[in-house]
Amino acid sequence: MEHPAMKRLAGIGLLALTVLFCGCTTAKSLTLLTDSGDLVKLTLDTTDGHDWAYRDNVLTIGFRDTKVMEGVLLSGDGYERFVERLKEEYEFTHETTPFSLDWMVRDGEVTLLFPIDPGRVGMILSSRAEGQAVRTVLEKLSFSAKEKE
């Protein structure tokens, strides 16, 4: 016959294993209203120490209190004109993973262009961080846009 204390220890061990193997994910979301009336929702997975701040229309994304990148949201023609001007002057590489974006490196700074809703709103981010830190942020970032109701 099994001792009651052994049953209790087995139950505590199972609880500890359950807590140990249950992964928890945290994220922060931010919804912004653009000049053209679009609502843009940005979400960042903050599970491993990434975080962000939005002040004076500038989004700053960091990792454990170190700035990784910063950028702005541009709506409508402002985004399109800015992107056209940049692409006339610099050569960009297009990628589709983790989402559609164009990027280039100049003087150690990465510039990233995200058409969140082509023709309506986009984001421009820049970073002086190493490539893997930038890639990690991109994999943790998601966004969507819709017209304000």
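Helices (H or I, at least four residues) and strands (E, at least two) are DSSP runs, numbered from the N terminus. This is a predicted model, in which local features need pLDDT of at least 70 and side-chain atom pairs pLDDT 80 or more, while totals for chains, interfaces and linings use all residues. Residues are numbered from 1 along each chain, and side-chain values use heavy atoms, without hydrogens or water.

Q: Which strands form the edges of the open sheet of 7 strands?
A: Let's walk across the sheet, where two strands pair if DSSP finds at least two bridges between them. The strand order is 3-4-5-9-8-7-6, with antiparallel pairing. An edge strand pairs on one side only, and that describes strand 3 (50-55) and strand 6 (93-95).

Q: How many bridges join strand 4 to strand 5?
A: Strand 4 covers residues 58-63 and runs antiparallel to strand 5. You can pick out one pair by eye: Leu-59 has Gly-71 of strand 5 as its bridge partner. The number of bridges joining strand 4 to strand 5 is 5.

Q: Which residue of strand 9 stands opposite Glu-70?
A: Strand 5 is also joined to strand 9, by 6 bridges, and the two run antiparallel. Look across from Glu-70 and the residue you meet in strand 9 is Ser-126.

Q: Which residue stands opposite Met-123 of strand 9?
A: Strand 8 (residues 109-117) runs antiparallel to strand 9, with 6 bridges joining them. Opposite Met-123 you will find Phe-114.

Q: Which residue takes a positive phi in the hairpin of strand 8 and strand 9?
A: This hairpin has 3 residues between its strands. The phi in question is near 85°, and the residue that takes it is Gly-119.

Q: Is strand 9 largely enclosed or open?
A: Start with one face of strand 9, where Val-121, Met-123, Leu-125 and Ser-127 are all buried (under 20% relative accessible area; exposed is over 50%, partly exposed in between, with a 1.4 Å probe and protein chains only). On the other face, Gly-122, Ile-124 and Ser-126 are buried too. With 7 of the 7 residues of strand 9 (residues 121-127) buried, the rest of the structure leaves this strand largely enclosed.

Q: How many salt bridges does the structure hold?
A: Side chains of opposite charge can pair when their charged atoms come close. A salt bridge here is a side-chain nitrogen of Lys or Arg within 4 Å of a carboxyl oxygen of Asp or Glu. One of them joins Lys-67 to Glu-70, with the closest N and O atoms 3.6 Å apart; Lys-67 is exposed at 51% and Glu-70 partly exposed at 30%. The total for the structure is 8.

Q: How many residues apart in sequence are the parts that Lys-87 and Asp-102 tie together?
A: The side chains of Lys-87 and Asp-102 meet in a salt bridge at 2.9 Å, N to O. Lys-87 lies in helix 2 (residues 76-89) and Asp-102 in strand 7 (residues 101-106). Lys-87 is partly exposed, with a relative accessible area of 39%, whereas Asp-102 is buried at 12%. Because these partners belong to a helix and a strand, their pair ties together parts whose separation in residues is 15.

Q: Which residues do salt bridges that share partners join into one network?
A: Arg-120 forms a salt bridge with Asp-117 at 3.8 Å, N to O. Arg-120 is partly exposed at 28%, and Asp-117 is partly exposed at 23%. Through shared partners, the network joins Asp-38, Asp-117 and Arg-120.
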